[in-house]
Amino acid sequence: MKQVVEILANRAELIERSLSIVLSQIAAAIAERGQCTIALAGGSTPEPLYRAIAARDLDWDKIHVFWGDERYVDPEHPDSNQKMARLAWLDRVNIPASNIHPMPTGAADPAADASTHQTELQQFFQISDGEFPAFDIILLGIGDDAHTASLFPHTAALQVEDALITVGNKDGQPRITFTVPLINRARCVIFIIAGASKKPALAQIFAPAADAMTYPARLIKPEGELWWLLDAAAGEELKQQTA
Ligand code: 6PG
């Protein structure tokens, strides 16, 4: 795993740098494998990045979009990560509908929807049970509690090793989420983090030793590249590094 930590002066520069790295990873994936598989982060931080990607003229028919996690709500609900990405990006470009692979949330049974999405991924990547596909790019954020995707502190989702997709739990609210082993198969994981509220979590994530069950983002150690892109408000106490 190659790890890079970059601290950008402000949110605008954070988004600009994130865009540059995402575009380069998309181009490399298409050049090497004829397509790019990207899983999106939810929340608020990446929204301007998705708007910026939508303004580019890309090979949309070669780009397949997934989500690393989803709130267990209707796709039209204001909290939906799918809705955010469609409004900011996917509804604004000529990407084939079949290239968009949202996490299902309509079965009124999160475990059933998680299993359905796992099957969808297995069919897309043409893999069997026990195999883990390598996404080209997985975008992630962290919460103030150092959760990532919908892998929340001290929840059962953190221990799931034998599935691609599982049910997350945020204060009793169900989520659908990539598992740790699926994220860690990625060719490139990019954390995009902004705001002073993330500083305590980042301190624990980068501490020489801390409990990963308490700070789940510590579990993310992909086989490929790991990029930490931070604005100064979040990352001012960390050091730029390439390791
Ligand atoms: C979600 C996310 C989650 C998010 C962090 C940071 O569904 O909310 O996927 O993991 O990345 O909570 O959210 P902000 O970008 O809003 O701070």
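**Entry 1: the seven-stranded sheet**

Before looking at any sheet, I noted that two strands pair if DSSP finds at least two bridges between them. Strands (E, at least two residues) and helices (H or I, at least four) are DSSP runs, numbered from the N terminus. My model is a predicted one, where local features need pLDDT of at least 70, side-chain atom pairs count only at pLDDT 80 or more, and totals for chains, interfaces and linings use all residues. Residues are numbered from 1 along each chain as its sequence is written, and side-chain values use heavy atoms, with hydrogens and water left out.

I then found an open sheet of seven strands with mixed pairing, in the order E3-E2-E5-E8-E9-E1-E10. Its edge strands are E3 and E10 (241–242), each pairing on one side only. I also looked up E1 (residues 2–8) and E9 (residues 225–231): they run parallel and are joined by seven bridges. One partner to find on screen is Trp-228 in E9, which bridges to Val-5.

**Entry 2: the three-stranded sheet**

Which order do the strands of the smaller set take? I read E4-E7-E6, an open sheet of three strands with antiparallel pairing. E4 (69–71) and E6 (165–170) each have a single partner strand, so one side of each is left without a neighbour in the sheet. From one strand to the next, the twist averages 30°.

E4 and E7 (residues 173–178) run antiparallel and share three bridges. There I located Glu-70, whose bridge partner in E7 is Ile-176.

Next I turned to helix H4 (residues 110–125), which lies across E6 and E7 and runs at about 145° to E6. For such angles, axes are lines fitted to C-alpha atoms, for helices over the stretch in contact, and the range is 0 to 180 degrees between N-to-C directions; contact means heavy atoms within 4.5 Å.

**Entry 3: an aromatic pair**

My search of the whole structure gave ten aromatic pairs. One of them is Phe-66 with Phe-125, stacked, at 6.1 Å centre to centre and 25° between the planes. Phe-66 sits in E3 (residues 63–67) and Phe-125 in H4, 59 residues apart, so to speak of distant parts of the chain being linked is fair. The rule I used: rings of Phe, Tyr and Trp (its six-membered ring) pair if their centres lie within 6.5 Å; planes under 30 degrees apart count as stacked, over 60 as edge-to-face and the rest as tilted.

**Entry 4: the largest pocket**

What is the volume of the largest pocket? I noted about 540 Å³. On a 1 Å grid over the protein atoms alone, a pocket is an open set of points with protein on both sides within 12 Å along at least five of seven lines, and lining residues have an atom within 4 Å of a point. The volume is the space filled by probe spheres set on the points, which are joined across faces, edges and corners.

Of the 31 lining residues, Gly-42, Gly-43, Arg-71, His-147 and Arg-175 lie nearest the pocket's centre. E7 gives the largest share of the lining, three residues.

How values were computed
On a 1 Å grid over the protein atoms alone, a cavity is a set of points where a 1.4 Å probe fits but cannot get out, and a pocket is an open set with protein on both sides within 12 Å along at least five of seven lines; lining residues have an atom within 4 Å of a point.
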